[in-house]
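Reader: I am new to this structure and would be grateful for a close look at one chain and at the way its neighbours continue from it.

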Amino acid sequence: MNSNKVIQVKGLTKMFGDFTAVNAITFAVEKGEIFGFLGANGAGKTTAMKMLIGISNPTSGSAHVAGFDVFTQAEDIKKNIGYMSQKFALYDDLTVKENITFFGGIYGLSKLKIKEKTKEMIDDLGLEDVANQLVGALPLGWKQKISFSVALLHEPKIVFLDEPTGGVDPITRRQFWEMIYRAAHQGTTIFVTTHYMDEAEYCDRVSIMVSGKIEALDTPKKLKEQFQVTSMNDVFLKLARG
Amino acid sequence: MKRFIGFVTKEFYHIFRDRRSLFILFGMPIVQILLFGFAITNEINNVDIAILDHSNDAITKEIINKISASKYFSIIQLIEREDDIESVFKKGNVKAVLNFEQDFSKNLIKERQATVQILTDATDPNTANTISNYVNSILKKYQQEQNKAITINYVIVSEPRMVYNPELKSVYMFVPGVMTIILMLVSAMMTSISITREKELGTMEILLVSPIKPFQVIVGKVFPYIFLSVINAIIIVLLSIFIFKMPVQGSLILLAFESILFIVSALALGILISTISATQQTAMMISLMGLMLPVILLSGFIFPISSMPIPLQFISHAIPAKWFIIILKGIMLKGVGLEFIWKETLILIGMTVLFMGISVKKYKIRLE
Amino acid sequence: MGISINHISKSYKHVKALQDISFDVKPNELFGLIGPDGAGKTTLFRILTTLLIANEGNATIAGYDVIHDFKEIRKHVGYMPGKFSLYQDLTIEENLKFFATIFGTTIDENYDLIKDIYVQIEPFKNRRAGKLSGGMKQKLALCCALIHKPKVLFLDEPTTGVDPVSRKEFWDMLKRLQQKNITILVSTPYMDEAALCDRIALIQDGEILQIDTPETIVKQYPKTIYNVNASNMYQLIMSLKAYPHQYSVYPFGEFVHYTDTRDGFNPDELKQYLQAQNLSNITIEKTQATIEDSFMEFAK
């Protein structure tokens, strides 16, 4: 196995009874890549992602994430990935510091390490003034930046982001993407699932799922050339309408 | 009118499509009545007792025979010494010990008085009470038989003081209470939940931004539950008549009228709760804590009001359930007419009008 | 028949949700309120639909005052709240029937208006709303909001959480509705939807940044924007931000949008600078501003 491929998926399939939610998908993601995993609601991307993060067993095929087999080493996978979703991120009724301590504890960081990481994060994001405030009182943009940093706390090899920037104002959103670029630059692989096509434009490569299959996989630039359109949104429209 | 019918139709769709709530709605009264009627009962059967007979003469033997012949008791041990009583209780099987004094017959004939001590295991006070009452009644019966046969009157004094009427079945006491709880729960909790659900889902916003009037929404919400609660009341009454053979002594029409009155007052409370809670969860908590507990604890259903501390007695006056239970017992058990319960009825009417008034006034035509 | 908003302000406990908002929506206009979550869009919608009362200012809808004539307004507006607000346990047809009834009308009476949309979901009319896909739910919600032939239609983030195909279909429907003499106020967090409106208001933190047609707003962008690309995105952003003459540096999909403080900016100079920073495959090209660029410029 090529050590640079942090995610390797071959013929991965998930059936629910007669219904094939994920139909023999095959792809690989390299270290430090920002990979966009796109699809409409119900196209199977959530099911596929659940298999990759080790919380759902595939029906057939094979998948290795961070070097571990999703069939037999799900627990090892969980230790080596980070996860952030727009729906669940941080506890609103805990302060910023308490959240960091809590999530650090979950991933088994030592007290010293948590302290170190907390300081690093507060300096990095300029959180001095709000470190002891309840997360619930912070603006959405801040919450998202903090939860992304929290997902990186245990220095995972891969971070899974579920529709990370929906609804944020344009400036905060770019600050967020700068954070993602930095993490990728430092060697963390970023796996973004989304159905917002403008998020797709920021990825190094994207795959588009339609009815359980990956129908396109390339850089946004090449996909736009291939379909002779100017935006990923139009690429998607062309693909989805067949 | 068309709007109203449309609204009520929609409410019925909600109710009939929510299988779980529907099951609770109609399953609960049946289960509760059966539970209270059969399982939680004051009647006893085949209780294990022990005998300590210091006298061991003809009369004590006869009494012991009577007791062991009854279906209530089975004598599983005869003990010899006072010291053994405690160890017998400690083993746990024996619930009571009858201790006949020395020279029981002699005393009875000479002094016209003899003593039998009834020791009961009071870790379960209800059962203990019942046991001593049953023993008492057996002793009395024996006495009466003797008095008929022999012309000389003599008396057996037994120590327990309570008098038990074996004819009075416990289910009679529970039916009015359970009926009150069920009607309160169905009416108040279900309406408050159904209104807050619209708030939670956001459909309330659309209803507000429409020409439908607040009272149409309220009445539309309440109407289906009046219907369901009446069905529930009928189920409960039928169950008690046919399964527990509990007769309704008074007028069924009066019973129906009073029940509807109580249902409406509970519905008004439900609406009131929905105006102060934003989510279904809050509505449920307030209904359970704010209504159910007082109904169970302070209405006189389980604990007699007269033995409560004065402040609690005072609070109990404010609980509609208390008045309804009095009315129910009056109609069902005593068979009284309106002339005896008009005061309670008036109080209920007053409360209903008050709750309705407040809730219509508090119903918001906007979001805040 | 339009909307007129004058100096509306609204505060919650600690937050100023809206500050001195004023604008007019002309009759039969498709007007977009564009801004991120938390900008105050929903609060404004609720004030206009008579659900909330503003602390200051006033507004009229189709000539009716939002406070005094709230009953009239409730008869004449259609409202689609941000959350999916239909009865999930009722079927498509039952939902539509219910809303027709409470507005005192029938499906048949105004069928013309909703026909285009309703035929797309009619094959599933006996399916419960809770079991519909996002796009179908949204169409049903629109039908319900239209069933009483409103004069003004309020759509609060109708396309949030909907896939691109359904989004496109939805905007096509709005364009057709506009032909039927309905004034439409729609809010969205997606900047790319701005171009589909006749006029837009950009809103952030409770304040209006700009009101105009999308074309004019874009045209008024004060700077020339350059699309910059290089082999390493992160290094490119850092280098550009360290460049002494930079005015703004924003990642924009596969490019970075760069503007310079100087009038006589020479792209070659920047290229040399970037090359000195060890970046390769550098391209620098002029590009058109988008609504998003304008939004960031106003919000800066």
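What radius of gyration does chain A have, and what value would a compact globule of 242 residues have?

Author: The model is predicted: local features need pLDDT of at least 70, side-chain atom pairs count only at pLDDT 80 or more, and totals for chains, interfaces and linings use all residues. Residues are numbered from 1 along each chain as its sequence is written, while chains are lettered from A and ligands numbered from 1 in the order in which they are written.

Chain A has a radius of gyration of 18 Å, which agrees with the value near 18 Å that a compact globule of 242 residues would have (taken over C-alpha atoms; the rule is 2.2 Å times the number of residues to the power 0.38). Its C-alpha trace spans about 50 × 40 × 35 Å along the principal axes. Nine helices and 10 strands make up the secondary structure of chain A (DSSP runs numbered from the N terminus: helices H or I of at least four residues, strands E of at least two). Of its 242 residues, 44% are buried (20 or more other C-beta atoms, placed from the backbone, within 10 Å; exposed is 12 or fewer, partly exposed in between). Among the contacts of chain A with a separation of 6 or more, 67% join residues 24 or more positions apart (a contact means C-beta atoms, placed from the backbone, within 7 Å).

One sheet of chain A deserves a closer look. Four strands form this open sheet in the order β2-β1-β4-β5, with antiparallel pairing (two strands pair if DSSP finds at least two bridges between them). Strands β2 (19-30) and β5 (68-69) of chain A are its edges, since each pairs on one side only. Inside the order, β1(A), residues 5-16, and β4(A), residues 60-65, run antiparallel and are joined by five bridges. I7(A) has V65(A), in β4(A), as its bridge partner. In general, strands of a sheet pair through backbone hydrogen bonds, either parallel or antiparallel. Helix α1(A), residues 45-52, lies across β1, β2 and β4 of chain A and runs at about 120° to β1(A) (between N-to-C directions, from 0 to 180 degrees, of lines fitted to C-alpha atoms, for helices over the stretch in contact).

Chain A also meets a neighbour. In this interface, 29 residues of chain A are in contact with 24 residues of chain C. On the side of chain C that touches chain A, at least two residues each come from α6 (164-178), α8 (233-242), β12 (246-252) and α10 (291-299) of chain C. Helix α10(C) gives the largest share of that side, four residues. By class, the side of chain C that touches chain A holds 13 nonpolar, five polar and six charged residues (Ala, Val, Leu, Ile, Met, Phe, Trp, Tyr, Cys and Pro are nonpolar, Asp, Glu, Lys and Arg charged, the others, Gly among them, polar).

Chain C itself comprises 10 helices and 14 strands. The C-alpha trace of chain C spans about 70 × 45 × 35 Å along its principal axes. Of the 300 residues of chain C, 48% are buried, and 71% of its contacts with a separation of 6 or more join residues 24 or more positions apart. Chain C is divided into domain 1 (3-213) and domain 2 (225-299), with bounds from an automatic or database assignment. The C-alpha centres of these two domains of chain C are separated by 38 Å. Their contact takes seven residues from domain 1 of chain C and six residues from domain 2 of chain C. On the domain 1 side, β9 (199-204) and β10 (207-212) of chain C are the elements that give two or more residues. That same side of domain 1 of chain C has five nonpolar, two polar and no charged residues.

Chain C meets chain B as well: 23 residues of chain C are in contact with 22 residues of chain B. Helices α1 (2-17) and α8 (203-208) of chain B each supply at least two residues of the side that touches chain C. The largest share of that side, eight residues, comes from α1(B). The side of chain B that touches chain C counts nine nonpolar, five polar and eight charged residues.

Chain B has a domain 1 (2-39 + 169-362) and a domain 2 (47-158), whose C-alpha centres lie 47 Å apart. One residue of chain B, Q216(B), lies in helix α9(B), residues 214-242. Q216(B) is partly exposed, because 18 other C-beta atoms lie within 10 Å. Leaving aside residues up to four places away in sequence, Q216(B) touches R3(B), F4(B) and F7(B). The C-alpha atoms of Q216(B) and V8(B) are separated by 9.7 Å, although these residues are 208 residues apart along the chain.

Notes. Two residues are in contact if their C-beta atoms, placed from the backbone, lie within 7 Å.
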